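Here are some questions on how terms get attached to a protein model. Each reply sets a value against a cut-off.

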Amino acid sequence: MRIDVVSIFPEYLSALDLSLIGKAREQGLLQLTVTDLREFTADRHRTVDDTPYGGGAGMVMKPEPWALALDAARTRGPAAAGAPEQRPVLVVPSPAGEVFTQATARELALREHLVFACGRYEGIDERVVEWSREHFEVRPMSLGDYVLNGGEVAVLAMVEAIGRLVPGVIGNPESLVEESHAEGLLEYPVYTKPALWRDRPVPEVLLSGHHGRIARWRRDRQLQRTAARRPDLVAALDPAGLDRADRDV
Ligand SMILES: Oc1ccccc1-c1ccno1
């Protein structure tokens, strides 16, 4: 998978040199390039914004630098055949986007080329989104219902959520199976040594060695935790995925 990120604060994305994503880049599992939008300006002040038409507070990001930067990013990727699913995906972090979920991460982890456009100020001139549709699948994307100062933080989260699902990035793919949201449920509580810590014991069943009882206890905890913290996820569960014991929780 190839990932391109365009930002006026490329150093914000240096966290992608570290840990799991950094290692995947070293191993060639992910090709990731971060580009400074200002490289695509033509004036001596390297201007990327201007006042909004129609008035209002703040500044809007100018379209031309973005078009040049996105074209450069697109051509770094594999030549996209005509098929829509072969086109690069342009992810535009925005509070006005679709909400990014684990299902979105799974979907985007299957694509060849992702380009992330980190907007700042009051946003990017809307014509860039319209223009981009000719060569990209354009996906305005939100992390949730709150406001950030720019797209960089959202890109860090999305690249990690997507990158870890690319085959080979996580050493033990088994660990992807039972984590939160893998099956639409929150993950169960975990414990490690010591068995007794500050007068708090590890649940007895986890010391029993009885794998069936442990699996049942974990599933019950997932269902109880999800019902308590995320009733919206319980409502979205497919009843066919629940067994009789699940229904008794
Ligand atoms: O609030 C934002 C500003 C710029 C780019 C993205 C965001 C955002 C907010 C929530 N998810 O993304």
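Q: How much accessible surface does the protein chain have, and what share belongs to carbon and sulfur atoms?
A: The accessible surface of the protein chain is about 14400 Å². Carbon and sulfur atoms hold 53% of that surface. Areas here come from the Shrake-Rupley method with a 1.4 Å probe, and for residues only the protein chains shown count as cover.

Q: What should I know about the model itself?
A: The model is predicted: local features need pLDDT of at least 70, side-chain atom pairs count only at pLDDT 80 or more, and totals for chains, interfaces and linings use all residues. Residues are numbered from 1 along each chain as its sequence is written, and side-chain values use heavy atoms, with hydrogens and water left out.

Q: What helices and strands does the protein chain have?
A: The protein chain has 8 helices and 9 strands. Both are DSSP runs, numbered from the N terminus: helices are H or I with at least four residues, strands are E with at least two.

Q: Which domains does the assignment give?
A: Domain 1 spans 2-163 and domain 2 spans 183-248. Such bounds come from an automatic or database domain assignment. The centres of domain 1 and domain 2, taken over C-alpha atoms, are 37 Å apart.

Q: Why is R139 called buried or exposed?
A: Buried means under 20% relative accessible area, exposed means over 50%, and partly exposed lies in between (1.4 Å probe, protein chains only). R139 has 11% relative accessibility, so R139 counts as buried. Over the 249 residues of the protein chain, 40% count as buried.

Q: What makes E98 and R139 a salt bridge?
A: A salt bridge needs a side-chain nitrogen of Lys or Arg within 4 Å of a carboxyl oxygen of Asp or Glu. For E98 and R139 the N to O distance is 2.7 Å. The definition is met, so the pair is a salt bridge. E98 is in strand 5 and R139 is in strand 7 (residues 137-142), 41 residues apart, so the pair links distant parts of the chain. E98 has a relative accessible area of 34%, so E98 is partly exposed.

Q: Which residues join E98 and R139 in a network of salt bridges?
A: The network links E98, E107, R111, E137 and R139. The structure holds 15 salt bridges.

Q: How do you know that D220 and R216 form a salt bridge?
A: Their closest N and O atoms are 2.9 Å apart. That fits the definition, so D220 and R216 form a salt bridge. Both are in helix 6 (residues 211-229), 4 residues apart, so about one helical turn separates them. D220, at 17% relative accessible area, is buried. R216, at 24%, is partly exposed.

Q: What makes the largest nonpolar core a core?
A: A nonpolar core is a set of buried Ala, Val, Leu, Ile, Met, Phe, Trp, Tyr and Cys residues joined through side-chain atoms within 4.5 Å. The largest such core has 28 residues, and F116 and I162 have the most contacts inside it. Helix 5 gives the largest share of this core, 6 residues. Another core, of 20 residues, lies apart from it, with I8, F40, W66 and A117 among them.

Q: Which residues does F116 touch?
A: Leaving out residues up to four places away in sequence, F116 touches I3, D4, V5, V6, V91, V155, M158, V159 and I162. Contact means heavy atoms within 4.5 Å.

Q: Why does V153 qualify for a nonpolar patch?
A: Patches take residues with over 30% relative accessible area and no salt bridge; like charges are joined within 9 Å, nonpolar side chains (Val, Leu, Ile, Met, Phe, Trp, Tyr) within 5 Å. V153 has 35% relative accessibility, so V153 is over the area cut-off. V153 forms the patch with F9, Y12, Y146 and L148, with about 430 Å² of accessible area together. V153 sits in helix 5 (residues 152-163).

Q: What makes the phi of S19 and the bond from K193 to P194 worth a look?
A: Most residues other than glycine have a negative phi, and most peptide bonds are trans. S19, in helix 1, has a positive phi near 50°. The peptide bond from K193 to P194 is cis, with omega near 5°.
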